[in-house]
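Student: I have a structure open and some labels to go with it. Can you show me how each label is earned?

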Amino acid sequence: MDATVTGNGVETNRSPGGLVTALAPIMREADGAWVGWAGTPDLDLDPFDDDEIHLVPVPLSDAEVQSYYEGFSNGTLWPLLHDAVVDPEFHRTWWNSYVTVNRRFATAAARAAAPNATVWVQDYQLMLVPSLLRALRPDLRIGFFLHIPFPPPEIFAQLPWRKQVVEGLLGADLVGTQRTSDAANILRSVRRHTDLTTRGSVVTIGSRWTRPERHVRIAAFPISIDSGSISELAQTPEVVERAAQIRRDLGDPAVMLLGVDRLDYTKGIRHRLKAFGELLQDGSVSVPDVTLVQVASPSREQVEEYKVLRDDVEVTVSRINGDHGALGRAAIHYMHHSYPLEEMVAMYRAADVMLVTALRDGMNLVAKEYVAARTDLDGVLVLSEFAGAADELGQALIVNPHDIDGMKRAILEAISLEPREKRRRMRALRRRVLDSDVQHWAASFLGTLRAMPVRESHV
């Protein structure tokens, strides 16, 4: 929920994300509360109700947005947890701010939670909250879900505060990750940085000489999307017509390639452009028969690495268009802004080939959105093996984005795939995405959390 101050008071806008879609009905039924930042610095609001959900805003100062959010969360943890795709920065002032803000969230959650309530903490910005919250409220059942990857311990060990972060996570009863490899990496870091006992996916809190206080399970719960709603939207006459119009606006190319990403260095956009540029250069494809549409939503525009990335991408697009385009016939159509869901679904329906070439990604829901939108069983998904979605969407053409020649071969295979093989692959992909939607993900995690045995602390 984003809140802004206007002349008429405070106005709120709900996030359209899948997490809200999944949890809102559960929270209404359980009379739950949503504890989170209001999205505007230096805005201190009292708790309020919106759409039958109790909202508890947690304030952040402008300085904390810089040090806690842009700093430690996105300048330290984000690159580190994505296998240090770029070098993380380690600053003690950022860490101190992270601790302060996590403590504030834990305090707010402790005040909002009913006796013996279930609290579900979300993502890397709040990795200390489980332990801080448990110290305040040992009666609570606490879950934590990490939406992004967790690296091998050899990489995570770079973090000066690695032990504190691991211990923060272990305040939860259940820690969920996108992939089994992420869960395994957390367990390996637990063994490396603590003296706690692990067995399978379970960490025992306490020592072999004392009665265990409790157990923590660390396991994969791959997130999904509201696939049914996207599938229905893709079949509406407005979206079908808009998809056809997009093709006409592009000059009716024989093949439309599509990339949809936040403009982030983890998404492999530069690798994708390099592969496409080389295909044009060596004559494997040509304009106007084949065109690439690249949507790059703005992201963290005040961070230097993101400014450099944008410059690199836009220079590369301009060079490829200059070398291979013509008047009214661009090789790459590049848009650096966001679109509403209806427009994105129309683009998915219009695209012959979807390119998801992340260098490292927790899940990548764009891949699942594309599949959900292809009610016509047409289209081919080219998917990075380093995206969590690759574990579930094996009927995609799986690529290593660092292997430019391999990616070129996959794109050419996608373009030339026989219609019958396209339908076979897409039918299998859709079955998986429609059966395992975001509501199924939430129910699976919460069901496992509620089944966890709880033993109160002896402290």
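Tutor: We take salt bridges, burial and a helix pair in turn. This is a predicted model, where local features need pLDDT of at least 70, side-chain atom pairs count only at pLDDT 80 or more, and totals for chains, interfaces and linings use all residues. Residues are numbered from 1 along each chain as its sequence is written, and side-chain values use heavy atoms, with hydrogens and water left out.

Student: What makes Arg360 and Asp182 a salt bridge?

Tutor: The term needs a side-chain nitrogen of Lys or Arg within 4 Å of a carboxyl oxygen of Asp or Glu. Arg360 and Asp182 have an N to O distance of 3.5 Å, so the label holds. Arg360 sits in the loop between β15 (353-356) and α13 (365-373) and Asp182 in helix α7 (residues 180-193), so the pair ties together parts 178 residues apart in sequence. Helices (H or I, at least four residues) and strands (E, at least two) are DSSP runs, numbered from the N terminus.

Student: Why is Arg360 called buried?

Tutor: Buried means under 20% relative accessible area, exposed over 50%, and partly exposed in between (1.4 Å probe, protein chains only). Arg360 has 8%, so it counts as buried. Asp182, at 0%, is buried too.

Student: How do you know whether Lys408 and Asp282 are buried or exposed?

Tutor: Use the cut-offs again. Lys408 has 12%, so Lys408 is buried. Asp282 has 45%, so Asp282 is partly exposed. Their side chains meet in a salt bridge at 3.2 Å, N to O. Lys408 lies in helix α14 (residues 404-416) and Asp282 in the loop between α10 (269-281) and β13 (290-297), so this pair ties together parts 126 residues apart in sequence.

Student: How many salt bridges does the whole structure hold?

Tutor: A search finds 30.

Student: Why are α3 and α4 called oblique?

Tutor: Angles under 35 degrees count as roughly parallel, over 145 as roughly antiparallel, 65 to 115 as roughly perpendicular, and the rest as oblique. The axes of α3 (residues 92-112) and α4 (residues 129-136) cross at roughly 45 degrees and come within 9 Å. That angle falls in the rest, so the helices are oblique to each other. Axes are lines fitted to C-alpha atoms, for helices over the stretch in contact, and angles run from 0 to 180 degrees between N-to-C directions.

Student: Which residues of α4 make the contact?

Tutor: Val129, Leu132, Leu133 and Leu136. Contact means heavy atoms within 4.5 Å.
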